[in-house]
Amino acid sequence: MTAVVTGPLVQLQRPTIATDQKRRGSTRTVTLTIDGQSVTVREGTTVLEACRAIGIEIPTLCFLETLHPVNACRICVVEMEGARVLVPSCSRAAEEGMVIQTKSDRVKHSRKLVLEMLASSVDLSTTPKVGEWIEEYDAKPERFGPPAPPAPSGTRDASIPGHHAPPDPRYAATVAEPAKVDNDLYVRDYAKCILCYKCVEACGPDHQNTFAISVAGRGFDAHISTEFAVPLPDSACVYCGNCIAVCPTGALMAKTEFDMRSAGTWDESRQTATDTICPYCGVGCTLSLHVQDGQILKATSPLENSITQGNLCIKGRFGWRFVQNTAGSAPTTRGSDGGH
C-alpha cells in the first residue's frame, strides 16, 4: 500500500493492476517461457496477461481487470518452475526467466478439485463457462454426495464464528439458502456466492468506497453480509449496483433479471445491447442497455470505458425505468450521486 497524506488524515490507496500508472507506464520488458513458448511482456504484466497474449486461456472467477486481485478462487493457478506451490496467475507478476506450465498434471488436478468443491457446495447454474470447465477437467462434484437441504432463511447470518454444526455424512455441505429480496432494485442470492470478494472490493476500496458489505463468519460459515446483517435498505448501500456488475456467478442480480429467470422468460438469445450516454448528469457515463422484446432489462457499462471502468451510480444503473413507465420516476436514495 502507499500512503497519500491529505491534511491531518492519511488515506491508504491500493493501486490495482489496471490503474497503477507506474507499472503500466514502464518501458522495461521481461521474457519468460509459458508452455514451451517464449514471450516478452512489459514489466508489471501478470502471468495471466502474458498467457492471454499468446492465446492461452486460463479459467478465472475472482479476477477482474479493474479490481485489486485477491486470489480467492484459486482456479487460475499455474505451475512455476522452482516454486513449492502453484501460483495464482491473476496476481503473480511475470519475471525474467520464469518457466510456467499451465496444463501440467498438477495444475489440472488442482483445478479439478477446486471445481468439484465449488460445484458441490454452490449453485453455479448462472456462472458463465463453468460447465465447460467442469467437462474439460473431468470434475465430478457429485462424488461428495447429494447437496444438503437449503438452510432456513437467516441461518447463515446468525452463525457464530468458531461454532460449527457437526457435518452430516449423508450430504455434501452447501451454502444454499433462500434469496434475499428486500428491495426493488437487486436481489442477493447467496446460494450462488463463491466468496470471490469482487463485490466487497467494488463496494469498498477499489471503486465505491461505501463499505456497505464485507465478509462475516469464518470457515464454511463465511458469507457476504451487510453491517450486523441488516436488510439492504437499512444498510450503508447507495444502490450503485457496482457489486452486481462484478459478480461472476449471479449471486447479485438485478431484480428484473431475477424475476424473469424465475418465470422462465429470460432469453439472452433474444437480447440486444445498445450503447448510449446516461442522461442524468454531465459526467457522460456510457450505458449499455440490454433489451428483450422491446423492454429494457438492465443497464451495464463497458469495463474499457475510461470514465466508468464498468461503474455507474444508482441513476445510471437503475434510472432507465421511467422510459417504460413501469416503476414511476428514477429511483432515489441517499448517496445517489455515488458511482465513480
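These questions and answers cover a sheet, a helix and a histidine in a predicted model.

Student: Which strands are the edge strands of the open sheet with the order S12-S13-S14?
Tutor: The sheet has three strands, with antiparallel pairing. An edge strand pairs on one side only. That description fits strand S12 (271-277) and strand S14 (295-300).

Student: What does the twist average from one strand to the next?
Tutor: Take the open sheet of three strands, S12-S13-S14. From one strand to the next, the twist averages 30°.

Student: Which residue in S14 does Ser 288 stand opposite?
Tutor: Strand S13 covers residues 286-292 and pairs with S14 in the antiparallel sense, over five bridges. Opposite Ser 288, in S14, stands Thr 300.

Student: How far does helix H3 reach from its first C-alpha to its last?
Tutor: H3 spans residues 105-121, which is 17 residues. At 1.5 Å a residue, 24 Å is expected. The model comes close to that, at 25 Å.

Student: What do the buried residues of H3 pack against?
Tutor: The buried residues include Val 107, Val 114, Leu 115 and Leu 118. Arg 111 and Glu 116 are also among them. The buried residues pack against strand S5 (77-80), strand S7 (99-101) and helix H4 (130-136).

Student: Is His 223 buried or exposed?
Tutor: His 223 lies in strand S10 (residues 223-226). Its relative accessibility is 6%. The cut-off is under 20%, so His 223 counts as buried.

Student: Which backbone oxygen does the side chain of His 223 reach?
Tutor: Beyond its neighbours within four places in sequence, His 223 is in contact with residues including Asp 157, Ser 159 and Leu 195. Its side chain reaches a backbone oxygen at 3.3 Å, that of Arg 156.

Technical notes: Residues are numbered from 1 along each chain as its sequence is written. This is a predicted model: local features need pLDDT of at least 70, side-chain atom pairs count only at pLDDT 80 or more; totals for chains, interfaces and linings use all residues. Side-chain values use heavy atoms; hydrogens and water are left out. Two strands pair if DSSP finds at least two bridges between them. Helices (H or I, at least four residues) and strands (E, at least two) are DSSP runs, numbered from the N terminus. Axes are lines fitted to C-alpha atoms, for helices over the stretch in contact, and angles run from 0 to 180 degrees between N-to-C directions. The expected span of a helix is 1.5 Å times one less than its number of residues. Buried means under 20% relative accessible area, exposed over 50%, partly exposed in between (1.4 Å probe, protein chains only). Contact means heavy atoms within 4.5 Å. A polar contact is a pair of N or O atoms within 3.5 Å; within protein, one must be able to donate a hydrogen and the other to accept it, and residues adjacent in sequence count only if both atoms are side-chain atoms.
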